[in-house]
Amino acid sequence: MSEEVASGAPTKERWSTKLVKSIMPEHKEKERWNSRLGFILASMGAAIGFGNVWRFPQLAYQYGGGAFFIPYLMALFFIGIPILVLEISLGQVYQMGDAGAFGSIHKRLTGIGVGSILCAYLLICYYVPLISWVVNAFFDSFGSVFPWDGLTGSEASDYFQDEIIGMSTLEEPDLWPSRLIGKNVGYLFMSWSIVFVCVLFGVKAEGKIVFFTMGLPIILMFVFLIRACTLTGSSDGIKAYIGEWDLSVLSDQPDVWSTAVSQIFFSIGVTF
């Protein structure tokens with residue numbers, strides 16, 4: 001025992017102890033979701049995004065069509081769902097965020113929660129700009145003529161990259177960014193403002209907002225699905241998606257297993 005402790009002098013708190021105390025205030029009553037459905041919709045909204053709608057079909061096409069479901073479902077049941085149950089259980093037991101829940105188990109585990117928060121922060125920093133591009137394309141579609149009307153697949157891709165993202169302003173040959181795109185800056189500010197308003201008033205208000213922010217996309221997804229199935233060549237896309245099972249990719253392309261696991265983390269939003 002040091003002389004400081006033996007003499008009864010106050011000891012200096014560790015930085016980790018201060019962090020835990022700042023994250024877990026003792027006398028502040030925690031907000032709760034106003035309904036179970038609101039919590040479920042918010043969880044779905046946190047999980048469902050580009051990774052499900054855009055990246056998953058591309059991975060399925062790249063890794064043998066329906067064969068990709070084999071490592072994907074294995075990763076889901078052996079890794080994804082157990083971690084999801086763990087996170088929800090910790091939240092229910094400790095009624096705290098990531099850092100507070102892990103810190104309640106042991107103060108040395110606080111770093112796990114802080115790392116999870118950091119991952120979510122880094123993700124949102126590039127995810128919101130992606131949303132701003134989508135918003136740009138959304139408002140661009142309200143013109144009298146659709147900008148992509150009559151374009152081939154490659155031409156439509158060039159339109160999105162050059163006009164929406166603004167790659168046409170990059171300087172050759174290195175393609176270094178040369179200027180800000182006014183519309184994208186405005187839409188980026190709008191996207192961040194919407195995020196700020198959604199979290200400003202706490203989980204009770206957010207529990208009501210998600211009925212719109214999650215309910216409307218669900219309806220639109222079914223509308224897009226029905227519409228896509230009526231388009232010419234839709235059967236070819238469905239066949240490439242789930243109709244072909246190239247099982248050779250499971251051995252010839254070993255990275256399919258790690259890719260499936262990483263996709264699980266995006267699909268159900270665990271560890272964020």
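Here are some questions and answers on a predicted model of a protein chain.

Q: How many helices and strands does the protein chain have?
A: Read along the sequence, the pattern is α-α-α-α-α-α-α-α-α-α-α-α-α-α. So no strand shows up in a chain built of DSSP runs. The tally is 14 helices and 0 strands.

Q: What percentage of the residues in the protein chain is buried?
A: To count as buried, a residue has to have under 20% relative accessible area. The chain has 272 residues to sort that way. The buried share comes to 23%.

Q: What share of the exposed area do carbon and sulfur atoms supply?
A: The protein chain exposes about 18,500 Å². Of that area, carbon and sulfur atoms supply 67%.

Q: Among contacts between residues at least 6 apart in sequence, what percentage joins residues at least 24 apart?
A: A contact here takes heavy atoms within 4.5 Å. Take the pairs at least 6 apart in the protein chain, then keep those at least 24 apart. That leaves 72%.

Q: Which elements give two or more residues to the largest nonpolar core?
A: This core has 10 residues: Phe56, Leu59, Tyr63, Phe68, Tyr72, Ala75, Leu76, Val256, Ala260 and Ile264. The elements giving two or more of them are helix H4 (50-62), helix H5 (69-94) and helix H14 (255-268).

Q: Which residues does Ala260 contact, leaving aside neighbours within four places in sequence?
A: Ala260 belongs to the largest nonpolar core, and so do Phe68, Tyr72 and Ala75. Those three are on its contact list, along with a proline. The full set is Phe68, Pro71, Tyr72 and Ala75.

Q: Why does Ser267 count as buried?
A: Ser267 sits in helix H14, and leaving aside neighbours within four places in sequence, this serine is in contact with Ala47, Asn52 and Tyr72. Its side chain also makes a polar contact of 3.0 Å with that of Tyr72. The cut-off for buried is under 20%. Ser267 counts as buried because its relative accessible area is 6%.

Q: Is Asn136 buried or exposed?
A: Asn136 lies in helix H7 (residues 110-140). Not counting neighbours within four places in sequence, Asn136 is in contact with Ile164, Lys183, Asn184 and Tyr187. Its relative accessibility is 1%, so Asn136 counts as buried.

Q: At what angle do H7 and helix H9 pack?
A: Two packed helices are described by the angle between their axes and the distance between the axes. Residues of H7 including Val128, Ser132 and Asn136 meet a set in H9 that includes Lys183, Tyr187 and Trp192. H7 passes H9 in a right-handed crossing. The axes are 8 Å apart, and the angle is about 115°.

Q: What distance separates the C-alpha atoms of Ile83 and Val270?
A: Ile83 is in helix H5 and is partly exposed, with a relative accessible area of 24%. Not counting residues up to four places away in sequence, Ile83 touches Phe265, Val270 and Thr271. Although Ile83 and Val270 are 187 residues apart along the chain, their C-alpha atoms are separated by 6.8 Å.

Q: What phi does Gln95 have?
A: Gln95 is found in the loop between H5 and helix H6 (98-105). At 31% relative accessibility, Gln95 counts as partly exposed. Although not a glycine, Gln95 has a positive phi of about 55°.

Definitions and conventions:
Residues numbered from 1 in each chain as written. Predicted model: local features only at pLDDT ≥ 70, side-chain atom pairs only at ≥ 80, totals over all residues. Heavy atoms only, no water. Helix = DSSP H or I, 4+ residues; strand = E, 2+ residues; numbered from the N terminus. Buried < 20%, exposed > 50% of the residue type's maximum accessible area, 1.4 Å probe, protein only. Areas by Shrake-Rupley, 256 points an atom, 1.4 Å probe, with all protein chains shown as cover. Core = buried A, V, L, I, M, F, W, Y, C linked by side-chain atoms within 4.5 Å. Polar contact = N/O pair within 3.5 Å; in protein donor to acceptor, adjacent residues only side chain to side chain. Axes fitted to C-alpha atoms, helices over the stretch in contact; angles between N-to-C directions. Left-handed = near helix turned anticlockwise from the far one by under 90°.
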